[in-house]
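Dear colleague,

I am handing over the structure below, and I would be grateful if you could look through it alongside my notes.

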Amino acid sequence: MQVDRLATIRNRIALLCATAVCCGGALAAEPWMNARLPADERAALVLREMTQDEKLKLVFGYLGADHEQKKTKRPEPARNQSAGFVYGVPRLGIPHLWETDAGLGVASQAGPDVHHATALPSGLNTAATWDVDTAYAGGAMIGAEARARGFNVMLAGGVNLMRDPRNGRNFEYGGEDPLLAGRIVGAQIRGIQSNHVISTLKHFALNDQETGRTTLNVLVSEQAAVTSDLLALQIANEEGNPGAVMCAYNRVNGVYACENRWLLTDVLKGDWGFKGWVMSDWGAVHSTVPAANAGLDQQSGMPFDHADYFGAPLKEAVANGWVPQARLDDMARRILRTMFDHGVVDHPVAPAPDAIDSRKHAAVSLQDAQAGMVLLKNAAQALPLDRAVKRIAVIGGHADKGVLAGGGSSLVYPVGGNAVPGLAPTSWPGPVMYYPSSPLEAIRRRAPGATVTYADGSDRAAAAALARASDAVVVFATQWTAEAMDVPDLSLPGGQDGLVAAVAAANPKTVVVLETGGPVAMPWLPDVAAVLEAWYPGTSGGEAIAGILFGEVNPSGHLPATFPASAAQLPRPVLDGYPDANERRFDVDYHEGAAVGYKWFDLKGLTPLFPFGHGLSYTDFTLSGLKATVTDGVVTASFTVANTGKRAGKEVAQVYVAPVGARWEAPKRLGGFAKVEVQPGAAAQATVTIDPRLLAVYDPATKRWNVAAGDYRVILAASAADAKASATTVRLEAAAYDVHGKPLRTRAAP
Ligand code: BGC
């Protein structure tokens with residue numbers, strides 16, 4: 001029956017094409033091409049027309065570039081130097097999947113013919129904005145570039161929690177708190193997908209260090225996982241509705257993430273009701289039958305895996321019944337329904353790179369960068385810089401040339417090329433890349449009457465002498481971090497701590513600008529006047545930094561992660577497996593459970609260098625008038641943010657929650673936040689509603705979030721360790737919520 005219908009369709013299409021009627025036109029009449037039908041129905045209709053081989057093609061992905069060592073060529077229709085490619089079914093109107101990395105812009109595989117694109121600042125920078133609108137705008141921009149480059153899948157949405165500041169990929173992610181990271185990354189995903197480009201959510205799950213990432217085994221309880229890393233992913237999923245989820249390299253409680261039934265089928269597709277498809281990370285598949293039956297829908301990036309598990313072996317496994325036909329149909333159906341649902345079929349992509357307005361896009365990146373830079377210290381109002389000063393010293397960090405980017409698959413090759421080519425490593429996970437947006441030039445433009453002198457910092461004595469002879473000193477310090485490697489410790493590499501110390505000793509007005517992948521230690525902190533954490537600031541980084549230094553933009557970023565005083569304060573003072581654990585299988589025991597970041601510091605009574613949530617402004621704010629109400633078990637906090645200084649600015653008001661006389665994984669959790677803009681001398685009201693799951697304890701046995709009856713403190717603060725925090729108390733009745741935070745009953749049995 002099915003074969004008959006297939007043959008009829010094929011004949012019809014052949015006839016139409018032969019008579020020069022456009023194939024697309026003929027297909028437009030097919031029922032699954034009817035955009036008014038629900039995605040599920042369209043997927044079911046077209047699936048019925050597909051041969052077994054066509055289904056199998058859809059679940060098997062290739063690297064979109066030649067692989068030198070493995071001697072493989074990219075599939076012919078793949079986009080140049082791209083991360084991935086999957087054959088569609090053109091005869092049925094199902095386009096190929098053209099996949100590009102990643103969350104910071106359209107990345108390129110290294111090679112002779114890279115794409116040039118606009119780079120957002122690092123993910124940590126965007127998280128530090130605490131502003132979902134900024135995150136959305138950045139996502140919309142990079143999604144538009146992906147589309148213009150002919151991609152319909154963007155491998156974005158990285159939201160692995162920062163359990164360790166030495167993780168080389170922290171810069172791609174959203175920091176240490178599940179609520180903040182989930183909301184920010186979710187908004188970015190929504191932005192990307194507003195272009196009819198599918199975004200992933202990754203890496204699923206608990207891939208929180210790079211050392212040994214393909215062999216390590218995370219030990220974590222279900223409750224702790226659901227309350228930490230999985231909660232970040234879940235919130236990003238709820239906010240962003242990503243079309244695909246990328247499963248991770250590592251093992252979780254003994255089972256590889258890409259063949260982990262608990263993660264893929266029970267939690268993701270079951271509990272969360274995820275309707276999209278699960279694709280593997282590039283080289284993260286280890287089997288055919290276990291992976292397919294556990295819930296993996298698509299193998300990605302061949303030749304990265306040891307075998308083409310979802311190629312001929314899957315065909316054989318289905319033929320033998322080891323993988324049910326229904327499972328293969330489900331894999332294909334999930335991919336198809338997502339393509340319909342996200343407009344990938346109805347709005348096919350075609351490369352049109354000339355349509356990219358790079359100037360406009362650079363402005364989007366600039367806004368994001370400036371909203372996320374964090375003024376960590378500002379003694380005696382060293383910043384903003386006075387435009388009238390006569391002699392400004394700019395030192396180190398290649399600030400004469402550009403700004404640093406992180407390395408690995410997410411690397412965006414900038415318009416204009418690498419500003420500092422040739423730095424090691426020049427190959428994977430390099431090249432070390434500096435975007436051609438020079439802070440020195442941007443500073444010079446803002447102080448035309450001053451002599452602005454640059455010293456590269458290689459000669460400490462010369463740098464100190466220049467600092468001594470200057471009225472203002474800005475010293476840049478950089479830390480390159482990258483995929484596939486962690487950093488050894490929290491020190492700035494290459495003796496830069498010594499350089500900063502020498503410069504600060506010569507001139508106490510020294511301002512430090514950090515371009516780092518994440519938290520670093522600052523042994524020189526007491527001796528410098530100001531510190532600006534500029535992360536990896538993206539395409540417009542030099543402009544962004546100078547604009548903040550001179551006060552054109554008032555800094556408003558707040559830390560999305562704790563800056564420890566030293567590695568000794570961390571749950572794992574020594575990183576498991578570091579430095580070279582590539583082939584070794586080892587456990588990483590998340591004994592801290594869900595007490596990640598500030599929660600760990602609270603629990604252990606540790607004082608960090610800078611707490612989560614910290615960030616200064618050129619104006620002053622007070623937070624007051626906190627009131628908390630409970631309606632149907634849901635807590636809402638309202639308060640006033642007053643600007644008592646002389647400049648307009650934005651404050652990040654944070655609402656933490658804590659049970660009285662009881663304890664969760666840690667004394668308190670972030671329950672909500674609001675970034676509020678206030679004019680000088682004015683005040684604004686803000687309201688924050690708290691997701692009940694953040695007041696609850698997850699019970700794996702019943703899959704419920706249970707709120708215990710009792711009193712809860714609601715705390716209004718400007719950081720996780722704010723001495724001026726105020727608090728009020730609410731009383732909650734016992735209540736239970738489902739996995740989505742929906743009430744199961746308003747009143748619990750006594
Ligand atoms: C990374 C992914 C990336 C993929 C494709 C992997 O090495 O872990 O995040 O999307 O490569 O380049």
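The notes that follow cover the ligand site, one arginine and the cavities.

This is a predicted model, in which local features need pLDDT of at least 70 and side-chain atom pairs count only at pLDDT 80 or more, while totals for chains, interfaces and linings use all residues. Residues are numbered from 1 along each chain as its sequence is written, and side-chain values use heavy atoms, with hydrogens and water left out.

The ligand is surrounded by 14 residues, the closest being Asp-101, Arg-169, His-203, Asp-281 and Glu-483 (a residue is near if one of its heavy atoms lies within 4 Å). Oxygen atoms of the ligand lie 2.7 Å from a side-chain N or O atom of His-203, 2.6 Å from one of Asp-281 and 2.9 Å from one of Tyr-249.

Arg-337, which belongs to helix 13 (residues 325-341) (a DSSP run of H or I, at least four residues, numbered from the N terminus), counts as buried because its relative accessible area is 9%, the limit being under 20% with a 1.4 Å probe and protein chains only. Its side chain is joined to that of Asp-40 by a polar contact of 3.0 Å (a pair of N or O atoms within 3.5 Å; within protein, one must be able to donate a hydrogen and the other to accept it, and residues adjacent in sequence count only if both atoms are side-chain atoms).

As for cavities (sets of points on a 1 Å grid over the protein atoms alone where a 1.4 Å probe fits but cannot get out), the largest has a volume of about 110 Å³, taken as the space filled by probe spheres set on the points, which are joined across faces, edges and corners.

Kind regards

How values were computed. Helix = DSSP H or I, 4+ residues; strand = E, 2+ residues; numbered from the N terminus. Buried < 20%, exposed > 50% of the residue type's maximum accessible area, 1.4 Å probe, protein only. 1 Å grid on protein atoms, 1.4 Å probe; cavity = no way out; pocket = protein on both sides within 12 Å on 5 of 7 lines; lining within 4 Å.
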